[in-house]
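Visitor: Please take a close look at a single part of this model, and tell me what it packs against, what space it borders and which ring pair it joins.

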Amino acid sequence: MTELTFSLAAARALHLAAQGLLQPRRRKAQKADLLEAIRQMGVLQIDTIHVVARSPFLVLWSRLGDYPQAWLEELLAEGALFEYWAHEACFVPVEDYGLYRHRMIDPGSMGWKYSVTWMAERRAEVDALLAHIREHGPVRSSDFERTDGKAGGWWEWKPEKRSLEVLFTAGQLMIARRHNFQRVYDLAERVLERALPGWDDSRMPSMDETRRTFVLKTVKALGLAKASWIADYFRTRPPRFDPETLVAEGALLRARVQGWDEPVYVHPDHAALAASAAAGTLSATATAILSPFDPVVWDRRRALELFDFDYRLECYTPAEKRRYGYFTLPILRRGALVGRVDAKAHRRGGIFELKALALEPGLRVSERFVRDVAAAIQRCANWHGCPQVRAGASEPPEFGAMLQAALNPPDMEAA
C-alpha cells in the first residue's frame, strides 16, 4: 500500500476521529456507549478533583454529551470495567485484564505505586487486613479510623490505606465498586468470579505479545502516532516493541505528515478513515470542553507537536506561579485547540463561573467562533446543573464580553 501523506489539519482530524471527538454526537447516549467510548480510548484516566465534574465523567461527556454519571460506576460494579495502573490510575475494559497481569506479578517495578519496604516491614498487618476482607467482605479506606494524628494527604495515607493500595497494585485486591466515588476493595478472586469467570494466569499473554498489543492499541486509539508518542499512552517500560516490526508484518501502516521528518503509524482498522483524511474529506466540526486528563492533551509533548498547544495542568503549581489557573479545561473547536478556561461549578447556586479564559495567540475571533465556544460552555454548564454562566477575565480582554453576550443575549436578560 502506498504511504499516505497528511496535512497537519488532516492528521488532527484523524486523531480526533479515533478519539470520538471529530463531529458532534447526533443521538442520545446509551449506557453501552460509555463502555464503547472507553474501549475506543483504551483507558479512562481517574482523577478526584471536582471543581467541575471529576475527570472521567468529563472525558465521557466531551464525547457523548449528557448522560447519567451513575452509568460509569455501574459498569465497574457489573464487571465490564476494572481499575488499574494503565496510563495512570484508570478504568479499563475488563477484557484487557490479562495485559496488566505482568505489572501485578512484578509490582516492585511500579515505582511509588508499590512499596517493597512497606510490605516487608508490615507483613503481619497486611496479612491481617487480607484476612479481614476474606472473612468480612469488601472495605473502604474510610472504614478504618485514623490513629496517628496526621492529616491524611496524598503522602500521609493512614496505614490501612497504604496497605490497601499496595495490595491493589500487586493484584491481590481489586476495586469491586465505588461508593460516593470512594474505592471499595475486595479480593481479586471474588471480583474476577463476576468479571472474568474462570480466569487463570495461564490465559495471560506473553510479555512480548503484551508489548506488541499495547503498541497496536495505542496507535489505534490515537489514530496516528509517532514512535516517540507510543510508550506514554499505556506507560510501557523498556524494552519496547519497534513499530517498524509491525509495519513489516502488515500489522501497522506507515504514513507521513507534511513538515514532519519522522513517519507516523496508522492501524489498518483506520485505513478508510486515514484515506479520507489524506484526501481532505475528514471534517472536524465538534466543539467541546475537555478534561485536563483527556487523552488528547494528557501528553504535553504530543499536544504541542500535533496541535501547537502548550498545555500544563497548574493545580500542583503554587498559586502565585500559575499563568492560566488552577484547573484549566482545554477548548477544542473544529479540529483545533483554541484556548483554555479555568472554570468552577457552584452547584448550590446554579452558577458556572469562568474564572479566567485565555485564547491561543493570533486566533481570528468571528461571530461563529464565539457562538461555537459559547454553546459548548453552556452545554457543559447545563450538564453540571449550573445553567447561569458568569465570564470573568479573558485574554484577549474583549473576548470575555463577547462570550458573555452570547451566553446571555439581551432578550434573555430582559426576561
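Guide: A crossing of two helices is right-handed if the near helix is turned clockwise from the far one by less than a right angle, and left-handed if anticlockwise. This is a predicted model, in which local features need pLDDT of at least 70 and side-chain atom pairs count only at pLDDT 80 or more, while totals for chains, interfaces and linings use all residues. Residues are numbered from 1 along each chain as its sequence is written, and side-chain values use heavy atoms, with hydrogens and water left out.

The part I have chosen is helix H15, which covers residues 367-383 (helices are DSSP runs of H or I with at least four residues, strands runs of E with at least two, numbered from the N terminus). H15 packs against helix H16, residues 397-407, at an angle of about 65° and with the axes 9 Å apart (lines fitted to C-alpha atoms over the stretch in contact, with angles from 0 to 180 degrees between N-to-C directions), and the crossing of H15 and H16 is right-handed. On the H15 side, Phe 369, Val 370, Val 373, Ala 374, Ile 377 and Gln 378 take part, and they meet Phe 399, Met 402, Leu 403, Ala 406 and Leu 407 of H16 (heavy atoms within 4.5 Å). In this contact of H15 with H16, 10 residues are nonpolar, 1 is polar and none is charged (Asp, Glu, Lys and Arg are charged; Ala, Val, Leu, Ile, Met, Phe, Trp, Tyr, Cys and Pro nonpolar; the others polar).

H15 also borders open space, for H15, helix H3 (55-64) and strand S9 (287-289) each supply at least two residues to the lining of the second largest pocket. H3 gives the largest share of that lining, 4 residues. The second largest pocket holds about 430 Å³, and of its 22 lining residues Pro 24, Arg 25, Gly 65, Thr 287 and Arg 379 come closest to its centre. In contrast to the contact of H15 with H16, where no residue is charged, this lining has 8 charged residues beside 8 nonpolar and 6 polar ones.

H3 and H15 are linked by a ring pair as well, one of 18 aromatic pairs in the count (ring centres within 6.5 Å; stacked under 30 degrees, edge-to-face over 60, otherwise tilted). Trp 61 and Trp 383 are stacked, with 5.6 Å from centre to centre and 15° between the planes. Trp 61 lies in H3 and Trp 383 in H15, 322 residues apart, and the pair thus links distant parts of the chain.

Note on methods:
1 Å grid on protein atoms, 1.4 Å probe; cavity = no way out; pocket = protein on both sides within 12 Å on 5 of 7 lines; lining within 4 Å. Points joined across faces, edges and corners; volume = space filled by probe spheres on them. Phe/Tyr/Trp six-rings, centres within 6.5 Å; stacked < 30°, edge-to-face > 60°.
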